[in-house]
Amino acid sequence: ASWQAQQVAERAESARQIRDRMGRVESQMDRLLAVDRHAWLGQEAIFLTRLADQRLLVARDVEAAMSLLTQADDLLRDTGEPRFEASRLALAKDRAALAAVPRIDQIGLYGRLSALIDQMDALQVVMEIEPQPPAEVIDEEWGDMASRWRAALTALSDHLVIRRRSDDIAQLMTPEWAALARQNGRMLLEQAQIAMLSANQPLYERSLERARNFVSLFSKQDSNRVNRILDEIEALERETISPDLPDLTESRGLLEAQVERLGRESTD
């Protein structure tokens with residue numbers, strides 16, 4: 001009976017030791033699994049921040065960048081890891097900076113430029129030159145001198161042509177040159193459209209400036225239409241199509257460093 005009691009006590013002690021060891025192993029596994037889960041969620045948050053940075057730099061898509069940063073912050077919040085607090089604060093600053101970026105109404109600007117292109121097609125660039133009345137001959141002597149003067153001017157005009165920039169240049173245009181002039185104005189405005197869609201501020205301003213200078217040459221031929229076009233071009237020149245965007249690399253670098261530390265802890 002004594003021997004049996006000793007065997008029961010030894011088996012009970014052995015079972016207790018096994019339970020203690022299993023408890024320690026389970027606790028360690030839970031800790032490792034928790035660290036791995038935090039690291040996995042952190043890696044996914046890093047991917048989202050990289051994607052947000054790419055959308056911002058390549059497409060200047062502020063709304064998409066804000067949505068991706070919000071998703072990254074939600075993942076960090078779900079980890080419950082206190083060490084991610086610095087990264088969450090950095091992400092909050094980035095989202096606030098993105099919210100402050102002025103929104104560009106590309107559809108509205110494109111429509112306004114398209115309307116100007118339609119006005120360019122209707123621009124009057126050709127004027128008929130009124131025939132000059134013949135000079136009156138006062139007497140035979142003055143008439144002879146006038147005819148000689150006209151003959152000299154005719155001979156000189158075969159070799160020399162003088163034009164003043166202040167003259168109505170459209171009066172010298174044939175219908176073919178008038179069509180080319182309108183096409184040139186269209187191309188300048190279409191170039192401004194492309195620059196606006198690609199957020200190229202210098203090209204946008206330069207294209208509108210050249211279009212404004214070109215249209216102003218025909219102010220005497222179609223003054224009302226030219227004035228309206230010039231007013232709209234000057235209003236478009238005041239538009240900022242490429243606002244400054246925040247830099248997301250600092251918050252992403254901080255998050256990558258924290259996730260890397262978690263990964264080292266899981267392997268120690």
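This is a short tour of three helix pairs and one pocket, with what to select at each stop.

**Before you start.** The model is predicted, so local features need pLDDT of at least 70, side-chain atom pairs count only at pLDDT 80 or more, and totals for chains, interfaces and linings use all residues. Residues are numbered from 1 along each chain as its sequence is written, and side-chain values use heavy atoms, leaving out hydrogens and water. Helix names follow DSSP runs (H or I, at least four residues), numbered from the N terminus.

**Stop 1: α2 and α3.** Select residues 62-79 for α2, then 85-99 for α3. Their axes (lines fitted to C-alpha atoms over the stretch in contact, with angles from 0 to 180 degrees between N-to-C directions) come within 10 Å and cross at roughly 160°. The two helices are therefore roughly antiparallel, a label for angles over 145 degrees. The crossing is left-handed: the near helix is turned anticlockwise from the far one by less than a right angle. Now show the side chains in contact (heavy atoms within 4.5 Å), including Leu-69 and Leu-76 of α2 and Leu-91 and Leu-98 of α3. This contact has nine nonpolar, two polar and five charged residues. Here Ala, Val, Leu, Ile, Met, Phe, Trp, Tyr, Cys and Pro count as nonpolar, Asp, Glu, Lys and Arg as charged, and the others, Gly among them, as polar.

**Stop 2: the largest pocket.** Stay with α2, because it and α6 (175-197) are the elements that give two or more residues to this lining. A pocket is an open set of points on a 1 Å grid over the protein atoms alone, where a 1.4 Å probe fits, with protein on both sides within 12 Å along at least five of seven lines; lining residues have an atom within 4 Å of a point. Its volume, the space filled by probe spheres set on the points, is about 310 Å³. Of the 17 lining residues, select those closest to the centre: Arg-60, Asp-61, Val-62, Ile-104 and Gln-106.

**Stop 3: α8 and its two partners.** Select 223-237 for α8 and 106-121 for α4. Their axes come within 11 Å and cross at roughly 155°, so α4 and α8 are roughly antiparallel. Leu-113 and Leu-116 of α4 are among the contact residues, as are Ile-229 and Ile-233 of α8.

Next add α7, residues 201-215, which packs against α8 at about 165° with axes 10 Å apart. Ile-229 and Ile-233 of α8 appear in this contact too. By class, it holds nine nonpolar, no polar and five charged residues.

Conventions: Angles under 35 degrees count as roughly parallel, over 145 as roughly antiparallel, 65 to 115 as roughly perpendicular and the rest as oblique.
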